[in-house]
Amino acid sequence: MTSPTTLHSANGEGLDLPGIFAALSDHFTVASGAKRFVRSARLDTFDRRLRAVGLGLEHQRFASHERLVLSRGDGSSIVTVPVTGQRWPAFAGILPGPVRDLIVSVTGIRALLVTSDQRRRVQQLELQDEEGKTVARVELDEPASPGSAPAQLTVRTMRGYEEQARRVSRLLAGLGHGVVDRDEGEDPGPAPAAAMDRLAPATLLLWTALSDFLDTMRENLPGLLDDVDTEFLHDFRVAVRRTRATLKLGRSALPTAIGGSWEPAFKGLGDLTTPLRDLDVYELDLPTMTGWLVAADPTDLEPFVTHLRARRGIERRALVRRLRSASFRRLVKEWGEELAQLGGMPEGADHERLSAGELADSSISRAYRRVVRGGAAISGSSAPEELHTLRKRCKELRYALEVCAPVVAQGPRKRMVAELKSLQDVLGRFQDSDVQRRGLRGFAEEMMADGTPASAVLAMGELIGHLDAEQDRARREFGDVFARFARPSSRRLMDQLGGRA
């Protein structure tokens with residue numbers, strides 16, 4: 001059987017079953033199977049990684065069996081495998097081989113979630129020629145629960161009878177059925193930042209960004225609390241950090257009371273998430289770290305893995321308690337009310353004298369100068385804290401470029417972000433190596449106090465040695481990477497951001 005063609009009613013209504021039977025019966029002998037009910041759960045990661053590469057995954061449950069169906073965007077099936085009692089969310093790594101092997105590199109560290117759950121009525125028609133040979137199959141798929149996707153038809157081609165299948169598709173098209181859009185009705189994902197008038201109030205630019213960050217926090221909170229995957233905490237944390245950075249960026253445009261009370265609040269919230277995120281990074285990096293071992297055996301790290309997971313459990317319970325507390329709910333509620341007031345402020349207020357374009361030009365230029373000055377001051381004898389400070393300044397510039405995207409020239413902005421990324425990468429490697437090295441020493445001391453075997457501590461020492469070498473490599477690479485970032489062409493990009501000559 002070759003790839004099928006999937007169609008649906010052009011007006012989105014139900015299938016005209018008598019019309020379909022009549023049209024097909026004029027040309028074929030139609031043998032209809034019994035109607036079956038199926039519960040179909042469409043699956044993807046929270047950030048829709050499967051859809052982004054043109055794949056669809058469904059968990060279909062019939063009365064007598066269950067199956068996973070992986071398909072292309074046009075509805076054609078790639079692989080179908082039986083499953084029993086599969087629950088969601090789940091990581092692709094635990095799925096049956098054929099599906100797992102095809103999607104695990106796409107989903108990565110993100111879990112698969114149910115993005116839609118529908119009950120459907122499915123009936124299969126076999127179309128036979130005058131010799132009684134089955135030349136095509138048509139699957140009738142209708143919704144059996146409110147809010148389900150519209151009815152659709154799937155024409156399945158039998159090998160050697162491709163022309164007959166095309167004929168069936170033409171007949172059905174004549175009844176008003178067209179090729180189905182498999183993603184109809186799904187969340188289209190985040191839209192690119194809309195352009196904004198540079199003369200608009202700066203508070204409008206800031207309000208738009210801060211509201212988006214609050215939405216991101218709210219969207220990721222359930223997955224964080226349920227520990228679905230580590231990216232929910234990461235994305236929640238990034239939204240918190242961006243909120244604080246935007247409040248700092250907007251000090252000259254926002255009412256003084258907002259920055260004075262909310263910057264410390266979001267710093268505290270960010271600090272609250274740090275211990276668990278640090279432990280998540282260790283767990284995510286463990287497969288890579290294991291590959292660094294030369295003298296030790298990977299099994300020597302098992303006590304460290306056990307210790308790490310126990311610590312993570314403690315930190316996660318502490319974070320969840322705080323995020324389920326009345327004080328956190330009050331913070332989110334009052335911050336939402338603060339933003340509502342900011343968005344509804346009348347034009348002409350003192351803090352709105354600054355335009356969005358003026359805020360963007362001054363904020364990006366100031367952040368860029370701080371990066372260039374900080375990088376130029378770093379020498380071979382600079383303390384690690386100086387490189388860490390520069391990394392924070394790079395983040396501030398990156399956030400300024402993102403928040404101000406609606407009022408700056410997009411070409412130069414994207415090129416500046418790309419050049420900044422190289423500098424952030426080398427500073428990130430330096431900082432991460434430093435933090436992980438110190439963290440491993442602390443873990444080793446805790447484990448020795450608990451009587452951990454010497455082999456585990458020695459293996460961790462080997463990891464520390466590798467991190468030392470990695471930090472040295474990043475330190476040596478910094479000079480060349482910074483010189484490329486601070487070259488004259490990069491400065492010219494800055495001059496083009498606001499549309500200036």
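**View 1. Arg110 sits over the face of Phe232 in this predicted model.** The distance from Arg110 to the ring centre of Phe232 is 4.6 Å. A charge counts as over a ring if NZ of Lys or CZ of Arg is within 6 Å of the ring centre and within 35 degrees of the ring normal. In this predicted model, local features need pLDDT of at least 70 and side-chain atom pairs pLDDT 80 or more, while totals for chains, interfaces and linings use all residues. Residues are numbered from 1 along each chain as its sequence is written, and side-chain values use heavy atoms, with hydrogens and water left out.

**View 2. Trp262 and Trp335 form a tilted aromatic pair.** Their ring centres are 4.9 Å apart and their planes stand at 50°, so the pair is tilted. Rings of Phe, Tyr and Trp (its six-membered ring) pair if their centres lie within 6.5 Å; planes under 30 degrees apart are stacked, over 60 edge-to-face, and the rest tilted. Trp262 belongs to helix 7 (residues 256-290) and Trp335 to helix 9 (residues 326-343). The two are 73 residues apart, so distant parts of the chain are linked. Helices are DSSP runs (H or I, at least four residues), numbered from the N terminus. Both Trp262 and Trp335 are buried, meaning under 20% relative accessible area (exposed is over 50%, partly exposed in between; 1.4 Å probe, protein chains only). Phe266 joins Trp262 and Trp335 in one aromatic cluster. The structure holds 10 aromatic pairs.

**View 3. Tyr282 and Phe443 form an edge-to-face aromatic pair.** The centres lie 5.3 Å apart, with 70° between the planes. Tyr282 is in helix 7 and Phe443 in helix 12, 161 residues apart. Tyr282 and Phe443 are buried.

**View 4. Helix 12 packs with helix 13.** Helix 12 covers residues 410-449 and helix 13 residues 454-485. Their axes are 9 Å apart, at an angle of about 160°. Axes are lines fitted to C-alpha atoms, for helices over the stretch in contact; angles run from 0 to 180 degrees between N-to-C directions. The two helices are therefore roughly antiparallel, the class for angles over 145 degrees. The crossing of helix 12 and helix 13 is left-handed: the near helix is turned anticlockwise from the far one by less than a right angle.

**View 5. Helix 10 packs with helix 14.** Helix 10 (residues 356-376) and helix 14 (residues 488-496) meet at about 165°, axes 10 Å apart. That makes helix 10 roughly antiparallel to helix 14. The crossing of helix 10 and helix 14 is left-handed.

How values were computed
Angles under 35 degrees count as roughly parallel, over 145 as roughly antiparallel, 65 to 115 as roughly perpendicular and the rest as oblique.
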